[in-house]
Amino acid sequence: MKVQELAERLELRAATRVFERDVTGVYISDMVSDVIAHAKAGDLLVTAQSHANVIAAANLVDTCAVVVTQGKALAEDVVKMAEKAEISVFTTDLNRWQVATKLYEAGIR
């Protein structure tokens, strides 16, 4: 599934430009060290964190996109960093469990 299609299915709000990539899995964590150690290239990263270190970790691992939960906003410098790295970042008012449920229903595991 493509990032844009998944974003539409989950009714996510784009915080950055949308870079069209394939979603091949999902990794849910709020710990940057966990993301670096365990997320895989192509994973959709779901987190409640909205700081620059999340973008740095997502870039290092080569995640397909990031979903920031619980309605958290991103600072302008974080948005610029994500766009420079060509990482789509979305926000949602849903919590991580709700996003995980919707991802499962969409066939993303």
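A charge sits over a ring if NZ of Lys or CZ of Arg is within 6 Å of the ring centre and within 35 degrees of the ring normal. The exercises below concern a predicted model.

**Exercise 1. Ring contacts**

Determine which residue lies over the face of tyrosine 104, and how many aromatic pairs a search of the whole structure finds.

*Solution.* Begin with the charge. Arginine 109 is placed over the face of tyrosine 104, 3.7 Å from the ring centre. The distance cut-off for such a contact is 6 Å. Turn next to ring pairs. A pair of aromatic rings is described by the distance of the centres and the angle of the planes. The search of the whole structure yields 0 aromatic pairs.

**Exercise 2. The sheet**

Establish the strand order of the open sheet and state which strands stand at its edges.

*Solution.* The open sheet has 5 strands in the order 1-5-4-3-2, and its pairing is mixed. Strand 1 and strand 2 (25–28) form the edges; each has a single partner strand, so one side of each lacks a neighbour in the sheet.

The pairings can then be taken in turn.

- Strand 1 (residues 13–14) and strand 5 run antiparallel and are joined by 2 bridges; arginine 13 stands opposite threonine 91 of strand 5.
- Strand 4 (residues 65–68) and strand 5 run parallel, with 4 bridges between them; here valine 67 faces phenylalanine 90 of strand 5. The chain passes from strand 4 through helix 4 (residues 76–84) to strand 5, in a β-α-β crossover that is right-handed.
- Strand 3 and strand 4 are likewise parallel, joined by 4 bridges; leucine 45 has valine 66 in strand 4 as its bridge partner.

**Exercise 3. The two faces of strand 5**

Assign the residues of strand 5 (residues 88–91) to the two directions in which they point, and decide whether they are buried or exposed.

*Solution.* In a regular strand the side chains alternate between the two faces of the sheet. In strand 5, Ser88 and Phe90 point one way, while Val89 and Thr91 point the other. All of these residues are buried, the cut-off being under 20% relative accessible area.

**Exercise 4. Internal space**

Find how many cavities of 30 Å³ or more are counted, and identify the elements that each supply at least two residues of the lining of the largest cavity.

*Solution.* Rolling a probe the size of a water molecule over the atoms shows where empty space is left. The count is 1 cavity of 30 Å³ or more. The largest cavity holds about 40 Å³ of space. Its lining residues include Met31, Val35, Leu45, Thr47, Val54 and Ala57. At least two lining residues come from each of helix 2 (32–38), strand 3 (43–47) and helix 3 (52–61).

Conventions. Residues numbered from 1 in each chain as written. Predicted model: local features only at pLDDT ≥ 70, side-chain atom pairs only at ≥ 80, totals over all residues. Heavy atoms only, no water. Phe/Tyr/Trp six-rings, centres within 6.5 Å; stacked < 30°, edge-to-face > 60°. Buried < 20%, exposed > 50% of the residue type's maximum accessible area, 1.4 Å probe, protein only. Pairing = 2+ DSSP bridges. Right-handed = clockwise from strand over helix to strand, strands pointing away. 1 Å grid on protein atoms, 1.4 Å probe; cavity = no way out; pocket = protein on both sides within 12 Å on 5 of 7 lines; lining within 4 Å. Points joined across faces, edges and corners; volume = space filled by probe spheres on them.
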